[in-house]
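Me: I would like to walk through this structure with some short questions. Please reason briefly and finish each reply on the value or name I ask for.

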Amino acid sequence: MFTYSVFHKHDRERVIEVINRVAAENRFLQTGCYVSSLTWENLLACGADQENGYFLLTVCDEKELAGFVRLSPEDLGGRYTGSVGIVLLPKHRHKRIGTKLLDFIVNIAPVFGYKSLVADILFDNFVSLRLFTGRGFTQCSSRNLYLRHRNAVVEEVKMKLFLHDCQGKHNVELPND
(Lines give C-alpha, C1' and ligand atoms only; values in the text may rest on other atoms or scores of the structure.)
Protein backbone atom coordinates (compact mmCIF):
# COMPACT_ATOMS: atom_id res chain seq x y z
CA MET A 1 0.00 0.00 0.00
CA PHE A 2 1.25 3.45 -0.91
CA THR A 3 0.80 6.58 1.16
CA TYR A 4 0.94 10.10 -0.18
CA SER A 5 1.89 13.17 1.80
CA VAL A 6 3.00 16.74 1.34
CA PHE A 7 6.78 16.95 1.63
CA HIS A 8 8.20 17.55 5.10
CA LYS A 9 11.67 18.99 5.68
CA HIS A 10 12.84 15.82 7.43
CA ASP A 11 12.43 14.00 4.06
CA ARG A 12 14.92 16.29 2.29
CA GLU A 13 17.77 13.76 2.13
CA ARG A 14 15.41 10.96 1.08
CA VAL A 15 14.07 13.05 -1.83
CA ILE A 16 17.62 13.88 -2.93
CA GLU A 17 18.52 10.18 -2.65
CA VAL A 18 15.59 9.26 -4.95
CA ILE A 19 16.73 11.87 -7.48
CA ASN A 20 20.29 10.51 -7.34
CA ARG A 21 19.17 6.89 -7.70
CA VAL A 22 17.02 7.68 -10.74
CA ALA A 23 19.71 9.97 -12.19
CA ALA A 24 22.22 7.11 -11.89
CA GLU A 25 20.19 5.21 -14.50
CA ASN A 26 21.43 7.79 -17.05
CA ARG A 27 18.11 7.59 -18.88
CA PHE A 28 15.32 9.72 -17.51
CA LEU A 29 16.76 12.87 -15.98
CA GLN A 30 18.78 15.71 -17.46
CA THR A 31 21.41 15.32 -14.78
CA GLY A 32 23.63 12.60 -13.36
CA CYS A 33 22.87 13.68 -9.77
CA TYR A 34 20.88 16.19 -7.74
CA VAL A 35 21.83 19.78 -8.54
CA SER A 36 20.72 22.53 -6.19
CA SER A 37 18.74 25.33 -7.82
CA LEU A 38 16.49 28.13 -6.65
CA THR A 39 13.41 26.09 -7.60
CA TRP A 40 14.60 22.97 -5.75
CA GLU A 41 15.65 24.91 -2.67
CA ASN A 42 12.21 26.57 -2.57
CA LEU A 43 10.49 23.18 -2.91
CA LEU A 44 12.69 21.59 -0.24
CA ALA A 45 12.24 24.53 2.11
CA CYS A 46 8.45 24.49 2.18
CA GLY A 47 6.89 21.44 0.52
CA ALA A 48 3.77 23.46 -0.22
CA ASP A 49 3.59 27.21 -0.77
CA GLN A 50 0.36 28.10 -2.53
CA GLU A 51 1.18 31.81 -2.64
CA ASN A 52 4.38 31.21 -4.64
CA GLY A 53 3.22 28.13 -6.58
CA TYR A 54 5.40 25.40 -5.07
CA PHE A 55 4.15 21.93 -4.22
CA LEU A 56 6.03 18.69 -3.54
CA LEU A 57 4.08 15.49 -2.87
CA THR A 58 5.89 12.34 -1.79
CA VAL A 59 4.76 8.74 -2.13
CA CYS A 60 5.95 6.01 0.23
CA ASP A 61 5.73 2.24 0.19
CA GLU A 62 5.75 1.38 3.89
CA LYS A 63 8.98 3.03 5.10
CA GLU A 64 10.67 3.62 1.73
CA LEU A 65 10.22 6.82 -0.23
CA ALA A 66 9.08 5.51 -3.62
CA GLY A 67 9.10 8.84 -5.44
CA PHE A 68 7.45 12.23 -5.73
CA VAL A 69 5.74 14.73 -7.96
CA ARG A 70 6.68 18.39 -7.99
CA LEU A 71 4.88 21.51 -9.17
CA SER A 72 6.74 24.79 -9.49
CA PRO A 73 6.55 27.99 -11.55
CA GLU A 74 7.87 27.50 -15.10
CA ASP A 75 9.01 31.11 -15.13
CA LEU A 76 10.09 32.31 -11.71
CA GLY A 77 8.66 35.72 -12.58
CA GLY A 78 5.17 34.52 -13.49
CA ARG A 79 2.48 32.20 -12.26
CA TYR A 80 0.54 31.22 -15.35
CA THR A 81 2.42 28.07 -16.23
CA GLY A 82 3.47 25.40 -13.78
CA SER A 83 6.27 22.92 -14.38
CA VAL A 84 5.55 19.30 -13.42
CA GLY A 85 8.03 16.53 -12.74
CA ILE A 86 7.42 12.96 -11.59
CA VAL A 87 10.20 10.72 -10.30
CA LEU A 88 9.70 7.11 -9.22
CA LEU A 89 12.23 4.49 -8.22
CA PRO A 90 12.40 1.60 -10.73
CA LYS A 91 10.66 -1.00 -8.56
CA HIS A 92 7.67 1.32 -8.13
CA ARG A 93 7.09 2.02 -11.81
CA HIS A 94 4.28 0.47 -13.86
CA LYS A 95 1.92 0.45 -10.86
CA ARG A 96 -0.20 3.47 -11.94
CA ILE A 97 1.43 5.64 -9.27
CA GLY A 98 2.58 8.17 -11.87
CA THR A 99 -0.95 8.36 -13.26
CA LYS A 100 -2.37 9.10 -9.79
CA LEU A 101 0.31 11.70 -9.13
CA LEU A 102 -0.23 13.45 -12.46
CA ASP A 103 -4.02 13.44 -12.10
CA PHE A 104 -3.66 14.95 -8.63
CA ILE A 105 -1.35 17.72 -9.88
CA VAL A 106 -3.62 18.53 -12.84
CA ASN A 107 -6.55 18.91 -10.43
CA ILE A 108 -4.70 20.96 -7.82
CA ALA A 109 -2.75 23.26 -10.19
CA PRO A 110 -5.60 25.79 -10.64
CA VAL A 111 -5.76 26.19 -6.85
CA PHE A 112 -2.13 27.35 -7.09
CA GLY A 113 -3.07 29.87 -9.79
CA TYR A 114 -1.82 27.98 -12.86
CA LYS A 115 -3.59 28.19 -16.22
CA SER A 116 -1.35 25.61 -17.91
CA LEU A 117 1.24 22.96 -17.10
CA VAL A 118 4.43 21.90 -18.86
CA ALA A 119 6.73 18.93 -18.50
CA ASP A 120 10.22 18.57 -19.98
CA ILE A 121 10.76 14.94 -20.97
CA LEU A 122 13.76 13.34 -22.64
CA PHE A 123 12.91 11.89 -26.07
CA ASP A 124 13.62 8.29 -25.04
CA ASN A 125 11.52 8.31 -21.88
CA PHE A 126 8.63 6.57 -23.59
CA VAL A 127 6.77 5.77 -20.38
CA SER A 128 6.62 9.45 -19.36
CA LEU A 129 5.76 10.59 -22.87
CA ARG A 130 2.88 8.08 -22.96
CA LEU A 131 1.71 9.11 -19.46
CA PHE A 132 1.61 12.83 -20.22
CA THR A 133 0.12 12.35 -23.70
CA GLY A 134 -2.56 10.09 -22.21
CA ARG A 135 -3.52 12.88 -19.81
CA GLY A 136 -3.98 15.44 -22.59
CA PHE A 137 -0.51 17.03 -22.77
CA THR A 138 0.70 17.80 -26.29
CA GLN A 139 4.18 18.54 -27.58
CA CYS A 140 4.71 22.28 -27.87
CA SER A 141 8.45 22.39 -28.57
CA SER A 142 11.70 20.50 -28.38
CA ARG A 143 15.36 21.32 -28.03
CA ASN A 144 18.67 19.54 -28.15
CA LEU A 145 20.66 19.27 -24.95
CA TYR A 146 24.15 18.07 -24.31
CA LEU A 147 23.98 15.72 -21.33
CA ARG A 148 27.42 15.33 -19.84
CA HIS A 149 26.49 12.19 -17.90
CA ARG A 150 25.48 10.53 -21.20
CA ASN A 151 28.21 12.22 -23.26
CA ALA A 152 25.58 12.81 -25.92
CA VAL A 153 23.27 15.38 -27.40
CA VAL A 154 19.66 14.34 -26.84
CA GLU A 155 16.29 15.83 -27.59
CA GLU A 156 14.14 17.17 -24.79
CA VAL A 157 10.43 17.40 -25.56
CA LYS A 158 8.29 20.06 -23.87
CA MET A 159 4.74 18.84 -23.29
CA LYS A 160 1.97 21.31 -22.42
CA LEU A 161 -1.57 21.13 -21.07
CA PHE A 162 -3.98 24.05 -20.93
CA LEU A 163 -5.97 23.58 -17.76
CA HIS A 164 -9.19 25.03 -19.18
CA ASP A 165 -9.21 21.93 -21.40
CA CYS A 166 -9.53 19.71 -18.32
CA GLN A 167 -12.74 18.53 -16.79
CA GLY A 168 -11.20 18.30 -13.30
CA LYS A 169 -13.15 19.50 -10.29
CA HIS A 170 -10.09 20.88 -8.53
CA ASN A 171 -10.19 17.98 -6.11
CA VAL A 172 -7.39 18.54 -3.64
CA GLU A 173 -7.68 15.25 -1.78
CA LEU A 174 -4.53 13.15 -1.79
CA PRO A 175 -4.58 10.08 -4.06
CA ASN A 176 -5.83 6.86 -2.47
CA ASP A 177 -4.58 3.31 -2.81
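Reply: Strands here are DSSP runs of E with at least two residues, numbered from the N terminus. Keep in mind that this is a predicted model.

Me: Which strand holds Leu147?
Reply: Look for the run that includes this position. Residues 138-147 form one strand, and Leu147 is found there. The strand is β7.

Me: Is Leu147 buried or exposed?
Reply: Buried means under 20% relative accessible area. Leu147 has 3% relative accessibility, so Leu147 counts as buried.

Me: What distance separates the C-alpha atoms of Leu147 and Gly32?
Reply: Along the chain, Leu147 and Gly32 are 115 residues apart. Leu147 also has contacts beyond its neighbours within four places in sequence, among them Leu29 and Gln30. The C-alpha separation of Leu147 and Gly32 is 8.6 Å.

Me: How many aromatic pairs does a search of the whole structure find?
Reply: Rings of Phe, Tyr and Trp pair if their centres lie within 6.5 Å. With that cut-off, the search of the whole structure gives a count of five.

Me: Phe55 and Phe112 pair up; what is the geometry of their rings?
Reply: The ring centres of Phe55 and Phe112 are 5.5 Å apart. Their planes meet at 65 degrees, and over 60 is the cut-off needed here. So the pair is edge-to-face.

Me: How many residues apart in sequence are the parts that the pair of Phe55 and Phe112 ties together?
Reply: Phe55 lies in strand β3, while Phe112 sits in the loop between α3 and β6. Phe55 is buried, with a relative accessible area of 4%. Phe112 is buried too, at 5%. The parts tied together are 57 residues apart in sequence.

Me: What is the angle between the ring planes of Phe132 and Phe137?
Reply: Both Phe132 and Phe137 are buried. Their rings form an edge-to-face pair, with 4.9 Å from centre to centre. The angle between the planes is 85 degrees.

Me: How many residues of α3 are buried?
Reply: α3 has twelve residues and reaches 17 Å from its first C-alpha to its last, close to the expected 16 Å. The helix is mostly covered. Its buried residues include Leu101, Leu102 and Phe104. The buried count is ten of twelve.

Me: Why is strand β5 largely enclosed by the rest of the structure?
Reply: Strand β5 covers residues 81-88. It is largely enclosed because its buried residues number seven of eight.

Me: Do β4 and β5 run parallel or antiparallel?
Reply: Seven bridges join strand β4 to β5. One example is Val69, whose bridge partner in β5 is Ile86. The two strands run antiparallel.

Me: What handedness does the β-α-β unit of β5, α3 and β6 have?
Reply: β5 and β6 pair in the parallel sense over three bridges. Thr81 stands opposite Ser116 in β6. With α3, these two strands make a β-α-β unit, and its handedness is right-handed.

Me: Which residue has a side chain in polar contact with that of Lys158?
Reply: Lys158 is in strand β8. It counts as buried, at 18% relative accessibility. Lys158 touches several residues more than four places away in sequence, including Glu74, Val118 and Thr138. The polar contact is 2.8 Å, and the partner is Asp120.

Terms used
Residues are numbered from 1 along each chain as its sequence is written. This is a predicted model: local features need pLDDT of at least 70, side-chain atom pairs count only at pLDDT 80 or more; totals for chains, interfaces and linings use all residues. Side-chain values use heavy atoms; hydrogens and water are left out. Rings of Phe, Tyr and Trp (its six-membered ring) pair if their centres lie within 6.5 Å; planes under 30 degrees apart count as stacked, over 60 as edge-to-face and the rest as tilted. Helices (H or I, at least four residues) and strands (E, at least two) are DSSP runs, numbered from the N terminus. Buried means under 20% relative accessible area, exposed over 50%, partly exposed in between (1.4 Å probe, protein chains only). The expected span of a helix is 1.5 Å times one less than its number of residues. Two strands pair if DSSP finds at least two bridges between them. A crossover is right-handed if, with the strands pointing away from the viewer, the path from the first strand over the helix to the second runs clockwise. A polar contact is a pair of N or O atoms within 3.5 Å; within protein, one must be able to donate a hydrogen and the other to accept it, and residues adjacent in sequence count only if both atoms are side-chain atoms. Contact means heavy atoms within 4.5 Å.
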